[in-house]
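Grab a pencil and work through these exercises with the structure open beside you. Try each task before you read its solution.

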Amino acid sequence: MKKLAFLLLSAIAFIAPASYAAEKLKVVTTTTDLASLTREVGGDRVDVTSLAKGYQDPHFVDPKPSYLTLLRNADLLEVVGLELEIGWLPPLLDQSRNPKIRPGGAGYLDVSQGVEILDRPAGAVNRSMGDIHASGNPHYWLEPGNAIRIAIQVSQRLSQLRPADAAYFAERLQSFKVKMNEANKRWTAALAPYRGAKIVTYHRSWPNFVRRYGLNVIDYVEPKPGVPPSPSHTFELINLMKAQKVKVILVEPFFDLKTPNSIAERTGAKVLVMYPSVGGTPALDDYFKLFDRNVAELVKALR
Ligand SMILES: [Zn+2]
């Protein structure tokens, strides 16, 4: 009798995890920020992997064979869109042969559709303007309002793919919104004394961030988006920064610090490495930690 009960129990134990484990939705995101926001909403019902690492420039990602396996097995692919991944994702999608996650498929989610986009070019775009994105600035995830807008879209899509867990996703979305609003109050208060502060950034990664917190980007180290610093632009920038008494240059961690450092030397400004993505360093392993760190360091630099 005991033996039979044991056999029955082990049979159940064997079957049960299989039917639950199979329930986890396999989500692949192009960036770590989307992965972090998806974990907030998806909890233990999702298995999330980001293709790009948080310390990589998301415009340029070297494809790896492992990406194909991830994409082939994915239930959902989330992308930043606005051409951010145009240089590396399309061939991977072709080769992965997973029709579910192709544009238009139930497993494809371009979250740029439901967020606030800045820097939309007014007229036609051409190559002389540098790496300008025709449909607007793709670095929109660096702002709490858009983080919530992304989470809403993720929650809706996860619910469509897994209706049985819709209530679970809705509840997690709700607590995420509360947590994000609380955190944003903290960040807003910390940066409030620096409203209107003039800064320079390397790339145009921060338009949504600076608008939210009232900072004023007067120019960029790149002469044009995606174009490396040139001596003539750097010379003009130094004069402008001196005239406007700019104290801080924000640089993404994947850019060479040589030009920013020499500008800093000649203007008295400070160079601050700002992380545009979760995972920029191992400690910054979620969206909240990313903002906590960036805001704290920015406050120190502006003080
Ligand atoms: Zn960019």
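**Exercise 1. Find what share of the chain's contacts between residues at least 6 apart in sequence join residues at least 24 apart.**

Step 1: Know what to count: a contact means heavy atoms within 4.5 Å.
Step 2: Keep the contacts between residues at least 6 apart in sequence; 63% of these join residues at least 24 apart.

A note before you go on: this is a predicted model, where local features need pLDDT of at least 70, side-chain atom pairs count only at pLDDT 80 or more, and totals for chains, interfaces and linings use all residues. Residues are numbered from 1 along each chain as its sequence is written, and side-chain values use heavy atoms, with hydrogens and water left out.

**Exercise 2. Work out how far you can trust the chain, using pLDDT.**

Step 1: pLDDT is the predictor's confidence in each residue, from 0 to 100.
Step 2: The chain has a mean pLDDT of 92, with 93% of its residues at 70 or more.
Step 3: Now look at residues 6–19, where the pLDDT is below 50. Beyond near neighbours in sequence, this stretch has 2 contacts in the model.
Step 4: Where pLDDT is low, don't read the predicted coordinates in detail.

**Exercise 3. Name the protein donors of the zinc ion and place them along the chain.**

Step 1: Donors are N, O and S atoms within 2.8 Å of the metal (3.2 Å for Na, K and Ca); water is not among the atoms, so sites may look incomplete.
Step 2: H59, H139 and H203 each give their NE2 atom, at 2.0 to 2.1 Å from the zinc ion.
Step 3: Their spacing along the chain reads H-x79-H-x63-H.
Step 4: H59 sits in the loop between β2 (46–50) and α3 (65–72), while H203 sits in the loop between β5 (198–201) and α7 (207–213), so this pair, 144 residues apart, links distant parts of the chain (helices are DSSP runs of H or I, at least four residues, and strands runs of E, at least two, numbered from the N terminus).

**Exercise 4. Decide whether H59 and H203 are buried or exposed.**

Step 1: Buried means under 20% relative accessible area, exposed over 50%, and partly exposed in between (1.4 Å probe, protein chains only).
Step 2: H59 has 8% relative accessibility, so H59 is buried.
Step 3: H203 has a relative accessible area of 6%, so H203 is buried too.
Step 4: For the whole chain, 49% of the 303 residues count as buried.
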